[in-house]
Amino acid sequence: MLDPYIRQKILPEIGEEGQKTLGEKKVLIAGCGALGTNTAEALLRAGVKRLVLVDRDVVEIHNLHRVSLFLPADVGRPKALAAKERLQEINPDAEIDCYIAHLDPELAEELVPKVDLVADGLDNLETRYVLNDACVKYGKPWIYTAVLATYGLTMPIVPEKGPCLRCLFPHPPRPGTIPTCAEAGILGTVPKVLASLQATTAMAILLESPDLKPGELFYLDVWRRRSQIIQVQRAEDCPTCVRKDFQFLRESSRTATLCGDSIQILPRERTVLDLPSLARRLASLGRAEVKNGVLFVELEGLSFIVFSDGRAIIKGLADPNRAQALYDQFIAR
Ligand SMILES: [Zn+2]
């Protein structure tokens with residue numbers, strides 16, 4: 001039988017054994033935007049056939065300039081589901097689980113212990129701190145990768161072998177102090193380049209390559225073709241990787257500002273919403289329609305996207321308190 005990985009196996013960095021190892025490893029893709037889906041596709045094509053996808057949002061038309069996996073017909077569908085279907089077409093033998101959910105501490109503690117590595121496809125630092133705590137707690141390597149405008153950053157984090165995210169950024173920034181892709185923009189090619197770097201680093205970690213340098217932060221401005229490498233040191237008193245105080249797994253906020261002018265609200269407790277009956281209830285107040293298992297509502301000049309797990313994303317809003325009030329008023333108390 002023809003071997004799809006023959007060109008990769010002849011590389012001394014991979015080899016016959018390495019290829020077999022890649023096929024046995026399981027990788028969690030945290031976030032299915034441009035970074036996450038491009039990383040997932042690169043890993044899958046490289047032979048990493050066991051993937052877990054997590055994403056809380058739906059595909060929007062302005063995602064398409066940077067996400068190869070999504071087509072115009074996917075607009076309005078949950079990203080994790082659309083990504084799973086396309087990846088499954090690329091490799092029908094792949095074992096792909098998908099979660100249309102917010103990666104909160106509970107879900108992070110459920111999923112991280114079951115995988116060999118976590119790749120970053122997130123659009124916010126809050127969730128990265130949760131992920132960092134979970135990965136250090138369970139001794140799982142992860143790769144911090146972020147993109148903005150024309151540049152990106154990536155750093156492999158291997159617990160006990162190098163620094164963690166909190167060694168690099170000890171304190172979470174105050175909300176609103178870091179520009180988002182919605183404010184600063186994003187060049188479509190940037191997440192693809194950074195995702196390729198991330199997927200390559202993922203393979204090096206999975207194969208325990210001697211070439212891997214934990215804590216090596218790589219900065220790349222794709223437009224200006226400028227790069228920089230900084231070796232991050234482990235902080236002597238890091239709350240996460242030295243003191244093992246996993247505060248982000250204990251604290252969780254019910255509201256989160258997403259990339260852009262959107263706010264996500266979580267239900268008070270785990271729940272299952274009956275979306276068709278909620279749609280009927282809201283139809284007298286505005287437009288409400290269930291499509292692809294997701295409820296879309298236009299109300300008071302705002303767009304609500306409501307998921308069956310009780311989460312809602314309100315677009316066109318920057319005030320978390322107002323978002324919470326609208327959620328309590330219209331969606332669920
Ligand atoms: Zn640390």
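Is Asn-292 buried, exposed or partly exposed? Asn-292 comes out as partly exposed, because its relative accessibility is 43%. Keep in mind that this is a predicted model. Here's a quick tour of the zinc site, a buried threonine beside it in the sequence numbering, the two domains, and a few single residues worth a look.

**Zinc site**

- Four cysteines hold the zinc ion through their SG atoms: Cys-164, Cys-167, Cys-238 and Cys-241, lying 2.3 Å from the metal.
- The arrangement counts as tetrahedral because the angles between the four donor atoms run from 97 to 123°.
- For reference, the ideal angle for four tetrahedral donors is 109.5 degrees.
- Along the chain, the donor residues follow the spacing C-x2-C-x70-C-x2-C.
- Cys-164 sits in the loop between strand E6 (151–157) and helix H7 (165–168), while Cys-238 sits in the loop between E8 and H10, so the pair ties together parts that are 74 residues apart in sequence.
- Cys-164 and Cys-238 are both buried.

**Thr-240**

- You'll find Thr-240 in the loop between strand E8 (226–231) and helix H10 (247–250), and that E8–H10 loop also holds the zinc donor Cys-238.
- Thr-240 counts as buried because its relative accessibility is 0%.
- Its side chain makes a polar contact with the side chain of Asp-133, at 3.1 Å.
- Setting aside neighbours within four places in sequence, Thr-240 is in contact with Asn-132, Asp-133, Val-136, Cys-164, Arg-166, Asp-245 and Phe-246.
- One of those partners, Cys-164, is itself a zinc donor.

**Two domains**

- The protein splits into domain 1 (6–250) and domain 2 (255–331).
- Their C-alpha centres are 28 Å apart.
- Across the boundary, 19 residues of domain 1 are in contact with 16 residues of domain 2.
- Together the two domains bury about 1,400 Å² between them, with 54% of that on carbon and sulfur atoms.
- On the domain 1 side, Arg-56, Val-58 and His-102 supply 30% of the area buried against domain 2, more than any other three residues.

**Positive phi values**

- Most residues other than glycine have a negative phi.
- Asn-292 goes the other way, with a phi near 50°.
- Asn-292 has its place in the loop between strand E11 (287–291) and strand E12 (294–299).
- Glu-300 also has a positive phi, of about 50°, although it's not a glycine.
- Glu-300 lies in the loop between E12 and strand E13 (302–306).
- With a relative accessible area of 51%, Glu-300 is exposed; the cut-off for that label is over 50%.

**Ser-262**

- Ser-262 belongs to strand E10 (residues 262–265).
- At 5% relative accessibility, Ser-262 counts as buried.
- Not counting residues up to four places away in sequence, Ser-262 touches Ala-256, Thr-257, Ile-313, Ile-314, Lys-315 and Leu-317.

**Asp-93**

- Asp-93 is in the loop between helix H4 (79–90) and strand E3 (95–100).
- Its relative accessible area is 68%, so Asp-93 is exposed.
- From Asp-93 to Arg-287 you cover 194 residues in sequence and 41 Å in space, C-alpha to C-alpha.

Conventions:
Residues numbered from 1 in each chain as written. Predicted model: local features only at pLDDT ≥ 70, side-chain atom pairs only at ≥ 80, totals over all residues. Heavy atoms only, no water. Helix = DSSP H or I, 4+ residues; strand = E, 2+ residues; numbered from the N terminus. Buried < 20%, exposed > 50% of the residue type's maximum accessible area, 1.4 Å probe, protein only. Polar contact = N/O pair within 3.5 Å; in protein donor to acceptor, adjacent residues only side chain to side chain. Contact = heavy atoms within 4.5 Å. Donors = N, O, S within 2.8 Å, 3.2 Å for Na, K, Ca; no water. Tetrahedral: all angles 85-135°; square planar, octahedral: opposite > 155°, others 65-115°. Domains from an automatic or database assignment. Buried area = accessible area lost by both parts, 1.4 Å probe.
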